[in-house]
Amino acid sequence: MKTFIRVVELWVPDPTRTRLEFGGSLHSSEFAEFNAVSENALFAYGEGLPGKAWASGHPVILTEFANSYFKRTDEAREAGLTCGVALPVFAGE
């Protein structure tokens, strides 16, 4: 059975608080290759889906990756992923 949510990733500020770095994920083994790409990714403020949510301060929904600012489009498509949702969570400022 395929669930609606196939991969969950956590992106956290790096020590300089200028970029988001990979903080962990939940996924089945079929997404191991996509996870390996994510583990090495960094996102600046406003960059990619995590960075856009960070900059906007509200949820961001991408109904498709084609012609979007999503940075891992080829890897996501290869893994069978078709859309993405980013939910920013802030503690303090």
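Start by selecting Asp-74: at 55% relative accessibility, this residue counts as exposed. You are looking at a predicted model, so keep that in mind as we go around. Asp-74 sits in helix α3. Now add Glu-33, Glu-75 and Glu-78 to the selection, and you have a patch of negative charge on the surface, made by these three together with Asp-74. Helix α3, residues 73-79, supplies the largest share of that patch, with 3 residues.

Next, step back along the chain to the loop between β4 and α3 and pick Arg-72. What is its partner in a salt bridge? Glu-9 is, with the closest N and O atoms 3.1 Å apart. Because Glu-9 belongs to strand β1, the pair ties together parts that are 63 residues apart in sequence. Compare the accessibility of the two ends: Arg-72 is buried, with a relative accessible area of 5%, while Glu-9 counts as partly exposed at 22%.

Lys-71 is your next stop. Its side chain meets that of Glu-47 in a salt bridge, 3.1 Å from N to O. Lys-71 lies in the loop between β4 and α3 and Glu-47 in the loop between β3 and α2, so this bridge joins parts 24 residues apart in sequence. Lys-71 is partly exposed at 44% relative accessibility, and Glu-47 is partly exposed at 30%.

From Glu-47, move on to helix α2, residues 48-56. Which of its residues are buried? Select Gly-48, Leu-49, Pro-50, Gly-51, Ala-53 and Trp-54 to see them. Show the strands as well: the buried residues of α2 pack against β1, β2, β3, β4 and β5. After the helix comes Gly-57, with a positive phi near 75 degrees.

Now go to the segment before β1 and select Ile-5, which counts as exposed at 57% relative accessibility. With Phe-4, Val-8 and Leu-26, Ile-5 makes a nonpolar surface patch of about 470 Å².

His-27, in strand β2, is worth a look from here: its C-alpha atom is 9.2 Å from that of Ile-5, although the two are 22 residues apart along the chain. His-27 is partly exposed, at 31% relative accessibility. Leaving aside residues up to four places away in sequence, His-27 touches Arg-6, Val-7, Ala-32 and Asn-35.

Finish on Arg-6, whose side chain forms a salt bridge with Glu-30 at 3.4 Å, N to O. Arg-6 is in the segment before β1 and Glu-30 in the loop between β2 and α1, 24 residues apart. Glu-30 is exposed, with a relative accessible area of 54%.

Notes: Residues are numbered from 1 along each chain as its sequence is written. This is a predicted model: local features need pLDDT of at least 70, side-chain atom pairs count only at pLDDT 80 or more; totals for chains, interfaces and linings use all residues. Side-chain values use heavy atoms; hydrogens and water are left out. Patches are made of residues with over 30% relative accessible area and no salt bridge: like charges are joined within 9 Å, nonpolar side chains (Val, Leu, Ile, Met, Phe, Trp, Tyr) within 5 Å. Accessible areas come from the Shrake-Rupley method with a 1.4 Å probe; for residues, only the protein chains shown count as cover. A salt bridge is a side-chain nitrogen of Lys or Arg within 4 Å of a carboxyl oxygen of Asp or Glu. Lys and Arg count as positive and Asp and Glu as negative; His and the chain ends are not counted. The place of a charge is taken as NZ of Lys, CZ of Arg, CG of Asp or CD of Glu. Helices (H or I, at least four residues) and strands (E, at least two) are DSSP runs, numbered from the N terminus. Buried means under 20% relative accessible area, exposed over 50%, partly exposed in between (1.4 Å probe, protein chains only). Contact means heavy atoms within 4.5 Å.
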